[in-house]
2 protein chains.
Amino acid sequence: MPRRREARDKVTIIDIADAAGVSKSTVSLVLTGRGSVKSETRERIHKAMDALGYVYNRGAANLRNSDSKIVGLVLNDLSNPFFAEFAIGVESVLQMAGYVAFMANTAESIVRQAQVMRMMREHGAGGIILCPALDTAAEELAWADTADTPLLVAIRRLPGVAASTVIPDNTAGSARITRHLLNLGHKRIAYIGGMHSMVVRQDRFLGFSGAMAAAGNAIDPGLNIESMPTRDGGFSAMGAALALPDRPTAVVCYNDVVAIGAMLAAAKRGLVVGRDIAICGFDDTSEARHVSPALTTIAVDAVGLGERAAAMLLERITNPDAPATTHIGPADLVIRESCGAYHHALQAAG
Amino acid sequence: MPRRREARDKVTIIDIADAAGVSKSTVSLVLTGRGSVKSETRERIHKAMDALGYVYNRGAANLRNSDSKIVGLVLNDLSNPFFAEFAIGVESVLQMAGYVAFMANTAESIVRQAQVMRMMREHGAGGIILCPALDTAAEELAWADTADTPLLVAIRRLPGVAASTVIPDNTAGSARITRHLLNLGHKRIAYIGGMHSMVVRQDRFLGFSGAMAAAGNAIDPGLNIESMPTRDGGFSAMGAALALPDRPTAVVCYNDVVAIGAMLAAAKRGLVVGRDIAICGFDDTSEARHVSPALTTIAVDAVGLGERAAAMLLERITNPDAPATTHIGPADLVIRESCGAYHHALQAAG
DNA sequence: TCCAGAAAATGGAACGTTCCATTTATTTCT
DNA sequence: AGAAATAAATGGAACGTTCCATTTTCTGGA
């Protein structure tokens, strides 16, 4: 098997210079487009480059001028479509700006998170976008204070960290969907899913309780049920809610995946979701649309948040002395079938 | 606002050396763990490192020894959960091996793909895993022949490219699910979704037609319907199939997302999927489980494929003269509700 | 106590770029 | 044609590390 593998050692700027009969400085000039070189020479150099299969060595270049055009993106859970969409948003604006993203998945492990962020900094990332793993401590991110690698925290805010932040309006969104249920006539409403140590849950619960209070509705502490923010978590939390002597007529869930688990639990007990009980989610992942009945939820525009995060980080990279800022994105109600708004409308009309 | 930002310029190995009262060579020794240094000195050096907030400069190091511990991962469609899962698999084995992934999403754009791969090579990626965008030409990947950056092509094979390959067994999987329909008594079976220019569709269609032929079943060319491999594509292709004078009783879809579109189209015409018509998919994405009725499909273990791809690439990086190899992963039938196997069983029993 | 050998530490060249200070070539003006 | 001005090209130091060849320091045995 005659495997062609001629140019074993990598070809450098100097090889190009020799081939084109100029000095390495001239080659550098055309590479960076900085000086002025005769177009004829430039052409000769380009020809030499692809004749020899030259590939630019950014590592070497960065050694001198250190603007690496790379940005780290650290995600806590890539298997959640929400974060995949967020990543797409980030990626698209980075790519547009000539940056490339170093992307990593921590799977909610803070040790992996630490490893990965170190690696990124070692590789010269110009900035890092972090969707923090559960239980990330502010101290772990202390380097962001001092270092010249700007940090942007996204989706889960991190109190006590000197970093720009991009999150959806969890509180307003949650209040909005709660009011929706209230308007449909519900009074006994449960809040399920998520652990109380999670800031995101705190924010969302705040919206829930605020809306309840504003409507003069008491919250039964027994209807505030924690669980892992997963489908299984939603399933068991809903089971607990339904086992109550005085069961709720509606439940607002921490997020879509919890809501889907909750729907399964309700269906298992013979309840028709959207008629016998109202269930709603948060995030508007694509699953929310496909599940049956389709899930009423809060849309937070994951892609848009990603784009915004990237833009804000880029801004801080080019202008390192700008202060850290916070962006809070919209959270809009999308009404589908799982809360029975349609049923309700029919009934009101008839 | 008193923003602390003392050590503006980055601290180097030499600063550490000074602080610890040794030479830079000694610091390098402890960094790489290569030579033998007194544990007392090592400790002193470590202390100096985190006192000064040192971060290792891999770019500089690679300049000398060029094993960069970075691998590129180029995905054609991150919004498809299948690829997100694949990425998770890749990432996990890379991370285990001390590598970090440079991940990028091409969104099926071959120009973005070219850009991104160039960037990765410029940044010194030791190898690249590519899930090629639609219409990727073999010539674009010519560098893989010559260069010292091994390439691994995944999910969509690329005829004529000198690269290792990891794909699921599309043909066998497709044959398997077709036989399932045949066993349920279907004879008029359509194949819908995907464009005929896609190798993956060719492979899957081959399995379909093989199984049909083996059962002595003719394929009506009118029942081979192309579409974009998206939900909308599936929707319209199914619409076309159902508009036929002699409509099929079962349809095998290019993949899950096409199948979900097809289910929507069938439901819209008042057909109950799984009773009036059988529909099946390919991939076993998480949506397949959640959709209603749950989708019968072919599971290809995206995470496993990713792990395998990463392992194979790593193998080629450490052993560059090993020949390119191909791995074909399993494709297993998972029976749910959308093909009416349950109905069928009841009927047979009763 | 001295020496051999091992252990520990060091200096300096190299890696592939950039960029400053120069030199060399080309144009323009009188 | 010659000088002045501009354009084009160059040499070499620097960036932060590694690693080879050395030198220095330590250890234990006679």
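## Exercises on a predicted protein–DNA model

Ala107(B) sits in the loop between β2 (100-105) and α6 (110-122) of chain B. The model is predicted.

**Exercise 1. Describe the backbone and the exposure of Ala107(B) and Glu108(B).**

Solution.
- Step 1: locate the pair. Ala107(B) lies in the loop between β2 and α6 of chain B. Glu108(B) is found in the loop between β2 and α6 of chain B as well.
- Step 2: read phi. For Ala107(B) phi is near 50°, a positive value in a residue other than glycine. For Glu108(B) phi is near 65°, again positive and again not in a glycine.
- Step 3: classify exposure. Partly exposed means a relative accessible area between 20% and 50%. Ala107(B) has 45%, so it is partly exposed. Glu108(B) has 26%, so it too is partly exposed.

**Exercise 2. What operation lays chain A on chain B?**

Solution.
- Step 1: take the transform. A turn of 180° with a shift of 0.0 Å along the axis lays chain A on chain B, at an RMSD of 0.1 Å.
- Step 2: name the relation. This is the relation of a two-fold axis.
- Step 3: check the interface. Of the interface residues of chain A, 100% are also interface residues in chain B, so the copies meet through the same surface.

**Exercise 3. Place strand β8 (residues 250-253) of chain A among its neighbours.**

Solution.
- Step 1: find the partner β6(A). Strand β6 (residues 189-192) of chain A pairs with β8(A) in the parallel sense over 4 bridges. Here Ile192(A) stands opposite Cys253(A).
- Step 2: find the partner β9(A). Strand β9 (residues 278-280) of chain A pairs with β8(A) in the parallel sense over 3 bridges. Here Ala250(A) stands opposite Ala278(A).
- Step 3: trace the connection. β8(A), helix α11 (residues 256-268) and β9(A) make a right-handed β-α-β unit.
- Step 4: test both faces. Buried means under 20% relative accessible area. Ala250(A) and Val252(A) on one side are buried, and so are Val251(A) and Cys253(A) on the other. Both faces of β8(A) are covered.

**Exercise 4. Which residues come nearest to DNA strand C, and which polar contacts reach it?**

Solution.
- Step 1: list the surroundings. DNA strand C has 29 residues around it; Ser28(A), Tyr54(A), Tyr56(A), Ser23(B) and Thr26(B) come nearest.
- Step 2: assign the helices. α2 and α4 of chain A and α2 and α4 of chain B each supply at least two residues of the surface. α4(A) gives the most, with 5 residues.
- Step 3: split the DNA atoms. Within 4 Å of the protein, 67% of the atoms of DNA strand C belong to sugar or phosphate; the rest belong to bases.
- Step 4: add polar contacts. A polar side-chain atom of Ser28(A) is 2.4 Å from a phosphate oxygen. Base oxygens are reached by side-chain atoms of Arg64(A), at 3.1 Å, and Lys24(A), at 3.5 Å.

**Exercise 5. Repeat the analysis for DNA strand D.**

Solution.
- Step 1: list the surroundings. DNA strand D is surrounded by 28 residues; the closest are Ser23(A), Thr26(A), Ile13(B), Ser28(B) and Tyr54(B).
- Step 2: assign the helices. α2 (24-32) and α4 (58-65) of both chain A and chain B each supply at least two residues of the surface. The largest share, 5 residues, comes from α4(B).
- Step 3: split the DNA atoms. Sugar or phosphate accounts for 65% of the atoms of DNA strand D within 4 Å of the protein, and bases for the rest.
- Step 4: add phosphate contacts. Tyr56(B) places a polar side-chain atom 2.7 Å from a phosphate oxygen. For Ser36(A), a side-chain N or O atom is 3.1 Å from a phosphate oxygen. Lys38(A) uses a backbone N or O atom, at 3.0 Å from a phosphate oxygen.

Note on methods:
Residues are numbered from 1 along each chain as its sequence is written. Chains are lettered from A and ligands numbered from 1 in the order in which they are written. This is a predicted model: local features need pLDDT of at least 70, side-chain atom pairs count only at pLDDT 80 or more; totals for chains, interfaces and linings use all residues. Side-chain values use heavy atoms; hydrogens and water are left out. Copies are superposed by least squares on the C-alpha atoms of residues with pLDDT of at least 70 in both. Contact means heavy atoms within 4.5 Å. Buried means under 20% relative accessible area, exposed over 50%, partly exposed in between (1.4 Å probe, protein chains only). Two strands pair if DSSP finds at least two bridges between them. A crossover is right-handed if, with the strands pointing away from the viewer, the path from the first strand over the helix to the second runs clockwise. A residue is near a molecule or strand if one of its heavy atoms lies within 4 Å of it. A polar contact is a pair of N or O atoms within 3.5 Å; within protein, one must be able to donate a hydrogen and the other to accept it, and residues adjacent in sequence count only if both atoms are side-chain atoms.
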